[in-house]
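Here are my notes on this one, jotted down while going through it. Have it open beside you as you read.

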Amino acid sequence: MALGAWAQRVDETLTRFGRRPEYLLQMLIALQEHENWLPPEALTALAAALDLPRARVEGVVGFYSFLHAEPVGQYRLLFSDNIIDRMCGSEALMARLCHSLWLAPGQVSEDGLASVDVTSCTGLGDQGPAMLVNGRAIAALNEDRIDIICELIRQKLALDAWPVELFQFENTIQQRDALLSCTALPGDALRAAIAMGRDAWLSQMQASRLRGRGGAGFTTAVKWLACRDAPTVEKIVVCNADEGEPGTFKDRVLLDAHADLVFEGMTLAAWAVGARRGFLYLRGEYLNLRPALEATLARRRAEGWLGASIGGVAGFDFDIEIHLGAGAYVCGEETALLESLEGKRGTPRIRPPFPVTHGYLGLPTVVNNVETLAKCCLIALHGGAAFAATGTAQSAGTKLLSVSGDCARPGIYEFPFGVTVRQVLDACGASDTLAVQVGGAAGITLAPYEFGRRVAFEDVPTAGAFMVFNDTRDMFEVAHNFVRFFAHESCGFCTPCRVGTSLLAGTLDKLAEGKGSPADLLEIEDLDRLLKQASHCGLGSAAPNPVIDGLQKFRPAYERHLMHADFSPAFDLDGALRRARQITGRDDAGAHLPQQPEASR
Amino acid sequence: MSRSTFLLDGQSVPFDDGQMILEAARAAGRYIPHLCWHPDFPPHGSCKLCVVKVAGRHVSACATPARAGAEVESDTPEINTERRTLLQMLFVEGNHFCPACEKSGDCQLQAMAYDLEMTTPRFRHFFPDRPVDASHPEVLLDFNRCIYCELCVRASREQDGKAVFALTGRGINKKLAVNAESGRLADTDFAADDKAARICPVGVILKKRVGFAVPIGERTYDRAPLHEVALPKSEGDT
């Protein structure tokens with residue numbers, strides 16, 4: 001690499017993003033495309049050009065899983081590590097790939113060609129196992145596909161020259177209701193809302209009782225009103241497409257199959273609150289979707305549904321840009337998302353103030369989920385009352401469920417709110433079901449006696465994940481997987497979540513090794529309580545959910561991992577010799593220490 | 001005009017509009033434990049040691065506005081147990097060897113552990129690998145003791161106008177970074193008389209060659225416990 005080449009690349013990137021520091025994350029993502037990592041001199045040059053402290057730039061790189069301050073090889077292969085991918089055999093496939101490429105997980109091959117590791121759920125649970133190759137998703141992995149990928153890497157073929165079908169995935173829509181069967185043309189909903197006028201449109205939103213589909217369930221119209229009434233003139237609309245909750249993929253399908261509804265929903269929000277700028281914050285895992293989304297935006301501009309004087313209304317100016325995430329689940333939390341949009345580390349803010357008054361760059365901002373915004377089109381087309389006519393008393397309308405796991409027909413199901421868990425299980429062809437995880441890792445684990453409960457904000461709330469486990473599964477392993485996910489994704493801001501999620505994961509590791517004791521179960525319950533009560537944001541307070549539910553409903557699955565002593569130490573005498581064995585290349589009996597000296601005597 | 005009040009552990013505390021629980025308590029001579037909060041900076045809310053219970057919810061006293069008539073629980077067995085657990089987490093996360101630490105006796109983390117009667121680390125130690133940075137002629141950085149309060153980050157940025165420090169990494173792998181491509185403090189514009197050089201509540205940022213000028217046994221928290229030292233000395237003094 002000739003000296004000064006990075007200076008030129010940095011300069012090109014700066015020009016592309018208008019030298020604005022709030023585009024730092026986007027610049028880093030773009031810069032990394034050159035060599036698959038960000039060398040120190042690139043960070044120094046970028047920091048200097050933006051007049052930012054270098055350490056701040058380094059801090060942003062260090063925060064996001066998909067940004068690398070060290071080389072990761074020409075091909076970076078990341079296996080989706082959700083429990084559902086594991087149930088589909090991801091671990092064996094990863095071992096096969098590592099074996100073929102002669103490398104160990106987490107390490108870069110000696111020739112610098114490739115590295116293999118795991119990543120959090122990539123949102124392809126209905127067609128797993130899945131992986132990312134330099135950020136681009138490949139679904140439906142099997143031994144044949146792994147061998148093909150391995151061969152392509154050996155040939156050092158550029159990703160653009162790989163067979164396109166590798167990067168294609170299905171939109172498995174199993175059941176349609178109001179939203180997924182909507183046949184409106186681009187602009188229909190906007191035309192209707194414009195005809196109503198801004199205030200009447202907001203009244204329709206109020207009448208619809210639409211609540212946020214991202215999980216929290218805040219009433220959308222209340223958010224919009226607060227933003228509209230905030231004193232600052234300039235307003236922002238953000239679509240939260242950081243669909244990171246393990247087991248969720250309905251936003252992926254909406255963005256792929258119904259992007260017009262999503263963008264139109266954002267424009268409807270802009271019409272209500274008076275925003276001129278909109279952002280789609282797209283999780284890095286959904287990079288494959290970006291070209292089509294950009295094309296849709298371009299078409300909508302050409303059609304007059306974005307840009308100046310939308311629908312012929314003077315002063316209704318609004319446009320949307322796409323920002324990419326870079327592998328950080330916490331950025332799905334709306335204030336962390338705003339930090340990330342501003343090019344910073346995705347640390348959740350102290351609230352209040354709330355985004356509706358102090359959001360993106362301190363401007364009043366509405367942040368809505370992909371599905372929430374798409375639903376706004378239905379309200380504009382058919383009116384608030386029609387929307388509120390389906391669902392339950394506190395949960396109007398329908399809900400998209402991302403069904404995966406042990407069932408005959410995984411995919412997207414649209415049901416009116418109030419559907420029972422059993423109805424969903426019947427629809428997807430699940431049998432011998434031991435448990436259902438509703439709402440993702442942060443959600444709730446339901447046992448068979450609860451399958452009569454309803455999906456609704458007033459009973460079982462969910463952002464859309466619905467993972468099915470049959471009676472051959474170990475619910476301890478499920479919770480173990482989820483807790484490791486939270487430990488990996490904790491932003492590290494507050495003490496309870498930063499340390500507590502790792503301590504919890506460590507204790508579950510100990511149980512998984514068969515070294516648990518009753519004291520560990522008490523410790524787990526204590527950590528659960530602290531995480532729930534003292535964490536700064538929802539990530540930390542939700543992290544213990546799978547374990548709390550597991551201990552309550554599937555306690556035998558945990559007790560099987562106990563040694564039935566009051567206490568046993570985590571320290572592994574034999575494990576301490578692992579490095580010595582590795583160095584000497586020995587693995588015979590003489591290179592091991594007995595685990596329980598008393599018993600072996 | 002009479003000021004509004006709230007109840008802190010059953011006793012009335014007056015407050016001004018917009019004042020946070022911790023600040024109001026402090027002004028009234030009532031101590032709520034804190035590590036990342038500092039009177040010269042806006043609330044940060046990361047250490048969570050100032051956790052209090054208000055209407056059944058556990059909130060950070062430093063970042064929660066006081067409300068008239070609110071009942072705030074702070075010095076209770078439940079909340080102090082929670083604080084002790086948080087302290088234990090901070091101790092096992094880093095490498096804290098008090099007997100060998102030159103900040104011993106002047107360290108807020110250590111003093112708080114005494115204050116809250118923490119007697120064991122309880123959890124398994126993480127023993128992270130955090131090399132020290134002795135490159136600067138006047139100041140040593142011992143990252144082993146960092147508790148991520150970001151006071152040095154904030155002081156350097158907001159008071160020294162330098163931005164010598166920042167955080168990098170994520171979760172349990174979070175790290176304090178120094179503003180230089182080499183990663184060495186010597187290659188920054190850091191100076192020993194910066195505000196950031198004097199603000200570390202633990203033993204990360206240490207002035208060289210004066211470590212034992214005050215003998216152990218005669219140091220700040222050897223003379224008086226943290227809950228006394230941390231309060232303003234008189235009205236208006238922070």
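**A helix pair and a chain interface**

1. Start with α9(A) and α12(A): these two helices are oblique to each other, because their axes cross at roughly 120° and an angle counts as oblique when it lies outside the ranges for roughly parallel (under 35 degrees), roughly perpendicular (65 to 115) and roughly antiparallel (over 145). Keep in mind that this is a predicted model.

2. For orientation, α9 covers residues 198-208 of chain A and α12 covers residues 259-273 of chain A, with the axes coming within 8 Å. The crossing of α9(A) past α12(A) is left-handed.

3. Which residues of α9(A) and α12(A) meet? On the α9(A) side you'll find A:Arg198, A:Trp201 and A:Leu202, and they meet A:Leu268, A:Ala270, A:Trp271 and A:Ala272 of α12(A). Sorted by type, the residues of this contact come out as 6 nonpolar and 1 charged, with no polar ones.

4. Now for the two chains. Contact between them involves 36 residues of chain B and 40 residues of chain A. Together they bury about 3,100 Å², and carbon and sulfur atoms account for 57% of that. If you want the top contributors on chain B, look at B:Met89, B:Arg170 and B:Glu181: they supply 24% of the area chain B buries against chain A, more than any other three residues.

5. How many salt bridges does the rule find across the interface of chain B and chain A? There are 4. A salt bridge worth pulling up on screen is B:Arg122 with A:Asp526, where the closest N and O atoms are 2.6 Å apart.

Terms used
Residues are numbered from 1 along each chain as its sequence is written. Chains are lettered from A and ligands numbered from 1 in the order in which they are written. This is a predicted model: local features need pLDDT of at least 70, side-chain atom pairs count only at pLDDT 80 or more; totals for chains, interfaces and linings use all residues. Side-chain values use heavy atoms; hydrogens and water are left out. Axes are lines fitted to C-alpha atoms, for helices over the stretch in contact, and angles run from 0 to 180 degrees between N-to-C directions. Helices (H or I, at least four residues) and strands (E, at least two) are DSSP runs, numbered from the N terminus. A crossing is left-handed if the near helix is turned anticlockwise from the far one by less than a right angle, and right-handed if clockwise. Contact means heavy atoms within 4.5 Å. Ala, Val, Leu, Ile, Met, Phe, Trp, Tyr, Cys and Pro count as nonpolar, Asp, Glu, Lys and Arg as charged, and the others, Gly among them, as polar. Buried area is the accessible area (1.4 Å probe) that two parts lose on being put together, summed over both. A salt bridge is a side-chain nitrogen of Lys or Arg within 4 Å of a carboxyl oxygen of Asp or Glu.
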